[in-house]
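Here is a walk through one model, strand by strand and ring by ring. Keep the viewer open and follow the residue numbers.

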Amino acid sequence: VSIAPDIVSTMATGDGVTAGRDAATSKLSLQDFETADLGLLRQQHLAGEVSCHQPRLLLLWRAPRALIVGPSDSRLPDFNIAVTRLFAKGWPVLIRRSGGGACPISTGTLQIALARIASPETTIDAAYIELTDIIRPVLESYGLKAEIREQPGAFCPGRYDISVNGRKVAGLSQHWRQCNGRITVTTAATLILEEDTEKVAHVVNLFYLAAGGTRRCSTSAIGALRQDLPVDAAFDASLMEDLCSRIAKAARGEWRDDPRRISAPYPLPRVPCHKTIDPDH
Amino acid sequence: MANIVVPIGLWDTGKTPEGIVANWFYADGGDVPAGATVAELMVEKSTFEIAAPNGGRLHIAVAKDGVVKPGTVIGRVDRA
């Protein structure tokens with residue numbers, strides 16, 4: 001994927017980190033991909049771009065419909081049958097490197113990925129919280145109360161599900177890998193803005209039924225931000241753009257002095273570079 | 001000989017008691033180069049790649065789908 005500097009959708013985050021290509025502003029543009037596999041590939045390459053100068057990078061992207069499954073789902077007995085069946089219905093199935101279950105994406109969902117160098121203090125939980133601490137205040141800035149907990153019955157349930165009004169609007173997963181001699185961690189979220197939740201549940205259930213899996217998804221456990229926002233929301237025409245702008249601000253800690261919404265310390269401390277592999281020793 | 005260990009403190013066992021070895025990328029008894037990704041753990045929707053601490057012969061102690069915690073020795077590499 002070739003990315004022109006003017007549309008690059010990554011930025012460095014944290015204290016005084018200005019090496020990101022969008023570093024001079026809080027603008028973080030959304031990158032649209034023609035297909036979900038291109039977006040997923042871009043996300044998976046993000047970890048290779050972190051460095052001492054850019055220890056954390058954020059990527060926002062969007063793509064047409066696809067069902068992105070974890071590695072364990074790809075080992076279901078009739079996985080190939082499910083892939084064929086869903087493709088015929090307009091839902092290509094992709095396998096991601098992070099864990100968890102099936103997660104539908106579409107142009108009505110926002111993909112958020114935060115890659116960082118793992119310091120010795122970085123834990124799986126800390127890396128999840130790092131991303132929820134960006135997303136939650138953004139939702140609160142819209143007047144929405146976000147809860148971080150597993151949402152039973154939702155697609156790809158996990159401890160760091162983000163729910164609004166008792167319905168899951170975002171799911172997170174994570175991938176740790178060695179990259180350029182360092183351990184990196186990429187935490188990714190899918191945030192549902194506007195999507196037919198019945199279709200979301202249907203496609204997840206269709207996949208598991210066809211693949212021979214036992215997981216199921218309930219429509220009542222899934223939400224979409226659009227339906228939770230006030231009717232008179234001024235950003236109606238460009239919710240996605242407005243959301244990206246707020247995420248950029250939250251990632252940079254620009255709202256740290258805003259008493260209306262801050263619930264976590266921003267910015268997060270800059271991590272030291274930590275070489276984990278030294279072939280000379 | 002060097003042990004292949006699930007990093008201590010990798011996750012909060014108070015929240016997630018256990019993980020599993022999701023995959024071994026080399027066969028038991030096979031030769032592995034230093035730094036190569038030899039195994040993958042799965043914990044709370046996270047996949048975690050584990051590298052060989054040195055090159056040599058791999059001995060698997062915890063098989064695929066086996067349960068692990070931080071600090072668990074999942075295998076070792078004997079220098080060739």
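Which residue in β11(A) stands opposite A:Leu110? The residue is A:Leu191. Keep in mind that this is a predicted model. The leucine pair belongs to a longer contact between strands. β7(A) and β11(A) run antiparallel and are joined by nine bridges. Strand β11 of chain A spans residues 182–192, and ten of its eleven residues are buried. It is mostly covered.

β11(A) has another partner as well. Strand β10 of chain A, residues 167–179, pairs with β11(A) in the antiparallel sense, over ten bridges. In that pairing A:Ser173 stands opposite A:Ala188. The two strands form a hairpin with two residues between them. There, A:Asn180 takes a positive phi near 50°.

Now go back to β7(A). Strand β7 covers residues 109–117 of chain A, and β3(A) pairs with it in the antiparallel sense over six bridges. To find the register, look at A:Trp61: its bridge partner in β7(A) is A:Gln111.

How many of the residues of β3(A) are buried? Seven of seven, across residues 56–62. In a regular strand the side chains alternate between the two faces of the sheet. β3(A) can be read that way. A:Arg56, A:Leu58, A:Leu60 and A:Arg62 point one way. A:Leu57, A:Leu59 and A:Trp61 point the other way. All of these residues are buried, the two arginines included.

β3(A) also pairs with β2(A). Strand β2, residues 31–32 of chain A, runs parallel to β3(A), with two bridges between them. Here A:Asp32 stands opposite A:Arg62. The chain gets from β2(A) to β3(A) through helix α1, residues 36–45, and this β-α-β crossover is right-handed.

Leave the strands for the aromatic rings. The whole structure holds five aromatic pairs over all chains. One of them joins A:Phe79 and A:Phe207. Their ring centres are 6.1 Å apart and their planes meet at 80°, so the pair is edge-to-face. The pair links distant parts of the chain: A:Phe79 sits in helix α2 (residues 79–88) and A:Phe207 in helix α4 (residues 197–211), 128 residues apart. The rings of A:Phe207 and A:Tyr208 also pair, with centres 5.0 Å apart and planes at 70°, so this pair is edge-to-face too. Ring pairs thus link A:Phe79, A:Phe207 and A:Tyr208 into a cluster.

Are these rings buried or exposed? The cut-off for buried is under 20% relative accessible area. A:Phe79 is at 9% relative accessibility, so it counts as buried. A:Phe207 counts as buried at 0%. A:Tyr208 counts as buried at 2%.

Two other rings carry a charge over the face. A:Lys168 lies over A:Phe155, at 4.6 Å from the ring centre. A:Arg246 lies over A:Tyr142, at 4.0 Å from the ring centre.

Return to α4(A), the helix of A:Phe207. α4(A) has 15 residues and reaches 21 Å from its first C-alpha to its last, close to the 21 Å expected. The helix is mostly covered, with eleven of its 15 residues buried. Among the buried residues are A:Val200, A:Val203, A:Val204, A:Phe207, A:Tyr208 and A:Ala211. An α-helix has 3.6 residues a turn, so residues three or four places apart point the same way. The cover over the buried residues of α4(A) includes β4 (66–69), α2, β5 (93–95) and β6 (103–105) of chain A.

Step back to chain A as a whole. It has six helices and eleven strands. Buried residues make up 58% of its 281 residues. Among its contacts between residues at least 6 apart in sequence, 73% join residues at least 24 apart.

Finally, turn to chain B. Four of its strands form an open sheet in the order β1-β8-β6-β3, with antiparallel pairing. β1 (2–5) and β3 (31–32) of chain B are the edge strands, each pairing on one side only. Inside the sheet, strand β6 (residues 56–60) and strand β8 (residues 73–78) of chain B pair over four bridges. In that pairing, B:Arg57 stands opposite B:Asp78.

Terms used
Residues numbered from 1 in each chain as written. Chains lettered and ligands numbered in written order. Heavy atoms only, no water. Buried < 20%, exposed > 50% of the residue type's maximum accessible area, 1.4 Å probe, protein only. Pairing = 2+ DSSP bridges. Right-handed = clockwise from strand over helix to strand, strands pointing away. Phe/Tyr/Trp six-rings, centres within 6.5 Å; stacked < 30°, edge-to-face > 60°. Lys NZ or Arg CZ within 6 Å of the ring centre and 35° of its normal. Expected span 1.5 Å × (residues − 1). Contact = heavy atoms within 4.5 Å.
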